[in-house]
Amino acid sequence: MNIKLNIPESFYQGEEKCGYYVSPEMKKVWATELDLIAEFARVCKKHDLKWWIDSGTLLGAARHKGFIPWDDDVDIVMMRKDYEKLCEVADSEFHYPYHMRSPHNDRERMHEFAKLHNEETTMIDGDFGVDIFRSGKKFNYSQGIWIDIFPLNDIPDDDRKFMRMLKKANVYRYIAQRLYTTAYVYTPALTKWKRPLKAALHFLVKNTNIGALYMKFFAKYMDVINSYNCPDSKRVVNFLPLSWTPDNRLKNYLMPRAYFDETIELPFEMLTLPAPAHYDEILTRYYGEWHKPEIRSPHSKFYDAERSYKYYIEHGLPEGV
C-alpha cells in the first residue's frame with residue numbers, strides 16, 4: 001500500500017465492532033482513507049483553510065471514535081470560499097499517488113463536489129459505477145479510493161427565495177443526470193421491448209455529442225448553486241443531499257452558519273479531526289436519535305487497496321462483481 005501515514009500493523013486485523021465484522025480488506029480501505037485525510041489536512045493547514053468532518057464521519061467520530069463499522073467512506077465539508085481556494089491549489093499541492101478532482105478540473109463525471117483519490121488503489125461505486133466501468137469507454141477520471149469534500153454554499157435567509165433557487169437547480173441537475181446516464185451508462189441485460197430504445201439511444205450517443213450537452217446543463221446547475229454569494233447569510237447548505245431529500249426534511253439540511261463558528265477536535269481512529277462544536281445538533285438534524293448504533297448494509301462497492309484501477313481497466317473486473 002502506497003500511503004504516508006504510519007499505521008500500526010494491529011490496525012489491519014479483522015475484528016467485530018458493535019456486532020458487525022470488519023474484515024482485514026476493509027481495514028486496508030480505512031487505512032487508505034485515513035492517509036487521504038492526513039494529506040488533505042496537511043494542504044489545508046499550509047493554506048489556512050478551515051474544514052470539518054460531516055455526515056457518517058462525524059457520526060462515527062462522536063459515537064465510535066472512528067469509522068462506523070459498516071461504513072466505508074469519509075465526508076468533509078468546507079465553506080465555499082475555502083473550498084474554492086483548495087480547488088485552486090490542488091493540482092500543485094497533491095502529488096502522486098494523491099489526486100484531487102472537482103468540477104474545476106473534471107466535468108466528465110457528474111459530481112458537484114471534490115474527491116481526493118489515491119491513484120494506486122481501486123474503488124468502484126455500486127452497480128452504476130460498474131456499468132460505467134464496463135461500458136468500454138476509457139475514462140480520464142480517477143477511480144482510486146477516495147474521500148469526499150463538499151462545499152457549504154451560502155443560501156438566502158428567505159425560504160421562498162431559497163426554494164426558487166433549489167427548484168431551478170434541480171431542473172438543470174435532472175436534465176444533466178438523464179443525459180449523463182444516456183451517454184455513459186452501459187446496460188448489459190435489457191428486456192426485449194427495451195432493446196430497440198437502448199439501441200436508438202446508443203446510436204444518438206455515437207452520432208451526436210450528448211456528452212457536451214450534458215456538461216452544458218451541469219454547468220447551468222453549478223452556476224445556480226453558486227449564484228448566491230453572501231457571507232453574511234445566516235444559513236449554509238451542502239446541495240448534494242437536497243437532490244434526493246423529501247421536502248418535509250429539507251430544513252434538516254439547512255445549517256445555521258453559527259454551528260460552524262467554533263471548532264473542537266474529536267478522536268477518529270489514531271487521528272484527531274476537526275468537528276463543529278454544535279455536532280450534537282447537526283447529527284440530530286441528520287439522524288434523529290443518533291447515539292444508539294443501528295447496523296445497516298454497507299454501500300455496494302468494489303475495493304482493492306493494493307492495486308490501481310488502471311489495472312482493472314486493462315484486465316477487466318473479477319467475475320461476480
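Trainee: In this predicted model, which side chain does Lys17 meet in a salt bridge?

Mentor: The contact belongs to a pair of side chains whose N to O distance is 3.9 Å, and a salt bridge is counted within 4 Å. The partner that Lys17 meets in this way is Glu15.

Trainee: Are Lys17 and Glu15 buried, partly exposed or exposed?

Mentor: The partly exposed class lies between the limits of under 20% for buried and over 50% for exposed. Lys17 has a relative accessibility of 22%, while the value for Glu15 is 32%. Because both values fall between those limits, Lys17 and Glu15 each count as partly exposed.

Trainee: Where in the chain do Lys4 and Glu39 lie, and how many residues apart are they?

Mentor: Lys4 and Glu39 form a salt bridge in which the closest N and O atoms are 3.4 Å apart. This pair links distant parts of the chain, with Lys4 in the segment before strand E1 (15-17) and Glu39 in helix H1 (residues 24-46). Their separation in the chain is 35 residues.

Trainee: Which class of accessibility, buried or exposed, applies to Lys4, and which to Glu39?

Mentor: The relative accessibility of Lys4 is 59%, and exposed means over 50%. Glu39 has a relative accessible area of 4%, and buried means under 20%. Therefore Lys4 counts as exposed, whereas Glu39 is buried.

Trainee: Which parts of the structure does the salt bridge between Glu93 and Lys46 tie together?

Mentor: The closest N and O atoms of Glu93 and Lys46 are 2.9 Å apart in their salt bridge. Because Glu93 lies in one helix and Lys46 in another, the pair ties together parts that are 47 residues apart in sequence. Glu93 counts as buried at 8% relative accessibility, while Lys46 is exposed at 54%. The two parts are helix H3 (residues 80-93), which holds Glu93, and helix H1, which holds Lys46.

Trainee: Which residues do salt bridges with shared partners join into one network?

Mentor: Two of the pairs already discussed contribute their residues, namely Lys4 with Glu39 and Glu93 with Lys46. Salt bridges that share partners join these residues with Arg42, so the network consists of Lys4, Glu39, Arg42, Lys46 and Glu93.

Trainee: How many disulfides does the structure hold?

Mentor: A disulfide is a covalent bond between the sulfur atoms of two cysteines. Cysteines are present, including Cys18, partly exposed at 42%, and Cys230, partly exposed at 24%. The number of disulfides in the structure is nevertheless 0.

How values were computed. Residues numbered from 1 in each chain as written. Predicted model: local features only at pLDDT ≥ 70, side-chain atom pairs only at ≥ 80, totals over all residues. Heavy atoms only, no water. Helix = DSSP H or I, 4+ residues; strand = E, 2+ residues; numbered from the N terminus. Buried < 20%, exposed > 50% of the residue type's maximum accessible area, 1.4 Å probe, protein only. Disulfide = S-S within 2.5 Å.
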